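Here are my notes from going through this model, written as numbered points. Have the viewer open while you read.

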Amino acid sequence: MRLPLSALSVLCLLSSTGCVTLPGQDKPLFGTTQESEGSSEVKNAVIDKDSEKDVYTLPDISPGVRPATYTDEAGLWMTVDRAKNRLKTSGNLIRDPKINSYVRALVCKLAGPYCKDIRTYVVRVPAFNASMMPNGVMQVWTGLFLRVRNEAQLSAVLGHEIGHYLRRHSLQRMRETLSASNFLIFVQMAAAYAGVPSAGNLASLLAQGSLASFSRDNERESDFYGHRFLVQNGYDPREASVVWDQIIREDEASDEFQFRSLFMASHPQSEERSETLIRMANKAIEKGHKGEKGRKRFLDVFLPHRKSFLLDDLRRRQYSKTLELLKMLEEDGEKPAEIMYFRGEVYRLRNKEKDKEKALEAYKNALEAGTPPPEIHRYMGMIYSKLKQRVKMRTSYQRYLKLKPDASDAKMIKYLVETTKRAGL
Amino acid sequence: MTRFSLILALTLLISSCTFYTLNPRGKTNIGGLFTVRSEIAWNKATIGKTEIWTIDGPSLQELRFVNGLSDGDKLFENPAKENSPEYKSEMSFLEIKEFIETSAATSGIVEITSRNFRPYKFGSLDGFRAEFSYTHEDGLLREGLATGTKKDGKLYLIFYSGTRLHYFQTHLDEVEYILRSIKIL
């Protein structure tokens, strides 16, 4: 342990904020914080000056810049570059070209001259989160797509993450932690946080998140950047606060603290964030800003994948949160039969008192509302089997086989139908 | 004090390791419920109610015997799986399949696709069998097969899995021989 600590200490002693600027770069998106007063028309129109206080006095990173190799910032980038290489070959990566190109285009639209500096990876983890590494590698978790309703809301979260990169919050955090003589812990935590999480270790990630994540001041500043990106790109800035209202709803529905959203660990109180964001949004609207939500574009890309994302969410076994999420999706009005089907699934898998009956009711509602996935009949059959209603069980299984004759479990289902029939049950 | 700390650290380190011993070819008693015969020797480790057999290393290929899960037991032994499901003796074969898939999803397996889930004779007991493919967080594609049965409410499972490239196929014939040799005691 002593050698890396010494090496890192040397890096720290050599620390400076020097960056190598490549030729032909564009200017920073908004200008540095120090020079930001009056540097942008949009900013002057909507900025709440209290929210852009920069306690670390670091300038924004410039487009196309890598830190000079002699700096502490370069050391930080090296640490997370290794994590990025693991991420590139991870089994969690979503490789669907439509999702990737949509997210990529959105990031480029928001980040402007920083487009090439920010590399976006969509990762299959069923929780609300996006994260930014200091080297511009952004992870977007699939759970986020279930928890935003339109392009403006997604942009608010992506813009927030881009804000972390522009404002070099990781470097700020590292220096702050250094002053507390805790650098090694920071590096260990940063490396862990930068890794690819799985659904299985979310709870431990939560614990790490509270140590490795950005400070609440960083988060407030990034919220402000997210707001600014929305205004500058013609989105309705009020949608940023809606994201938080939804997360608060879902978290409040959770009956177990350990499953509260990862964002809650380090971020300012959600209520406070929501209030600040709506206050900034209202100011922008008072000053004549008009923005769109981009709902159709968002739905065109993500609605076809919602079933698969919901299945992942169900496997987290955080049933009260999933029920609240389904309620919000139902209010959204898209594919109601699919939502009712998943509600039935939550009850069936939770299997508390009266849940079998609740599940059957939800499945029946789904069948009345439209065309739920054919598996609904298999699950109805499984519940009728538990309730020892064999005739109904067989009818459900036979419907399932009719709809999916080549199902991967068809032989087992046929066997269950035949054996109960033969036994006269 | 320093020496004590060192000994304590080493003890903790050693106790966290998994020790493999040689399981010679021939007949082996598995969990007190059944015997199997193998034509080659395997490396064997035991963790709780699970025996892991491997030739080339468990990350490349492994044959896993899960012996008699009772109510409340979890399928995998890794402590990172706080929220993985618990086995219940009332589970049907269809629910056991779900139990396996959900346990896998909460333990780092990203995508699992099962094929041909069917009734299967586990020795002389009624059981099930399926083949499956899966991707772990490390991005490597793996193939596998699973068979199992219930006896007195307890769950007995056999999994064989390995990397799609080379290792799964290498000892598949041997594994099929082992499965055919199951004799309930």
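The points below start with chain A as a whole, move on to its charged pairs, and end with a patch on chain B.

1. A caveat before anything else: this is a predicted model. Please read every distance and percentage below as computed from that prediction.

2. Chain A, the overall picture. Its secondary structure adds up to 20 helices and 5 strands. The chain has 425 residues, and 56% of them count as buried. Its accessible surface is about 18300 Å², with 54% of that belonging to carbon and sulfur atoms. If you take the contacts in chain A with a separation of 6 or more, 71% are between residues 24 or more positions apart.

3. A:Met328 is a good residue to click on. You'll find it in helix α15 of chain A, which covers residues 319-332. Is A:Met328 buried or exposed? Its relative accessible area is 4%, so it falls in the buried class, for which the cut-off is under 20%. Who does A:Met328 touch, once neighbours within four places in sequence are set aside? The answer is A:Arg149, A:Gln246, A:Arg249 and A:Glu250. As for A:Trp244, that residue is 84 positions from A:Met328 along the chain, and the two C-alpha atoms are 13 Å apart.

4. Now the salt bridges, of which there are 42 over all chains. One of them pairs A:Glu272 with A:Arg220, with 2.7 Å between the closest N and O atoms. A:Glu272 belongs to helix α12 (residues 270-286) and A:Arg220 to helix α10 (residues 216-232), so this pair ties together parts of chain A that are 52 residues apart in sequence. Both ends are partly exposed: A:Glu272 has a relative accessibility of 29%, and A:Arg220 has 33%.

5. Another pair to look at is A:Glu292 with A:Arg297, whose side chains meet in a salt bridge at 2.6 Å, N to O. Here A:Glu292 is partly exposed at 34% relative accessible area. Its partner A:Arg297 is partly exposed too, at 35%.

6. Then there's A:Arg348 with A:Glu345, a salt bridge with an N to O distance of 2.9 Å. How many residues separate A:Arg348 and A:Glu345 in helix α16? They are 3 residues apart in that helix (residues 336-350 of chain A), which means about one helical turn lies between them. Both partners count as buried, with A:Arg348 at 9% relative accessibility and A:Glu345 at 3%. Elsewhere in chain A, salt bridges with shared partners link A:Arg147, A:Glu250, A:Asp313 and A:Arg316 into one network. You've already met A:Glu250, as one of the contacts of A:Met328.

7. Last, chain B. Which residues gather in a patch of positive charge on the surface? They are B:Arg25, B:Lys27, B:Arg37 and B:Lys183. To find the patch, start from B:Lys27, which sits in strand β2 of chain B (residues 26-30). B:Lys27 counts as exposed because its relative accessible area is 58%, and the exposed class begins over 50%.

How values were computed
Residues are numbered from 1 along each chain as its sequence is written. Chains are lettered from A and ligands numbered from 1 in the order in which they are written. This is a predicted model: local features need pLDDT of at least 70, side-chain atom pairs count only at pLDDT 80 or more; totals for chains, interfaces and linings use all residues. Side-chain values use heavy atoms; hydrogens and water are left out. Patches are made of residues with over 30% relative accessible area and no salt bridge: like charges are joined within 9 Å, nonpolar side chains (Val, Leu, Ile, Met, Phe, Trp, Tyr) within 5 Å. Accessible areas come from the Shrake-Rupley method with a 1.4 Å probe; for residues, only the protein chains shown count as cover. A salt bridge is a side-chain nitrogen of Lys or Arg within 4 Å of a carboxyl oxygen of Asp or Glu. Lys and Arg count as positive and Asp and Glu as negative; His and the chain ends are not counted. The place of a charge is taken as NZ of Lys, CZ of Arg, CG of Asp or CD of Glu. Helices (H or I, at least four residues) and strands (E, at least two) are DSSP runs, numbered from the N terminus. Buried means under 20% relative accessible area, exposed over 50%, partly exposed in between (1.4 Å probe, protein chains only). Contact means heavy atoms within 4.5 Å.
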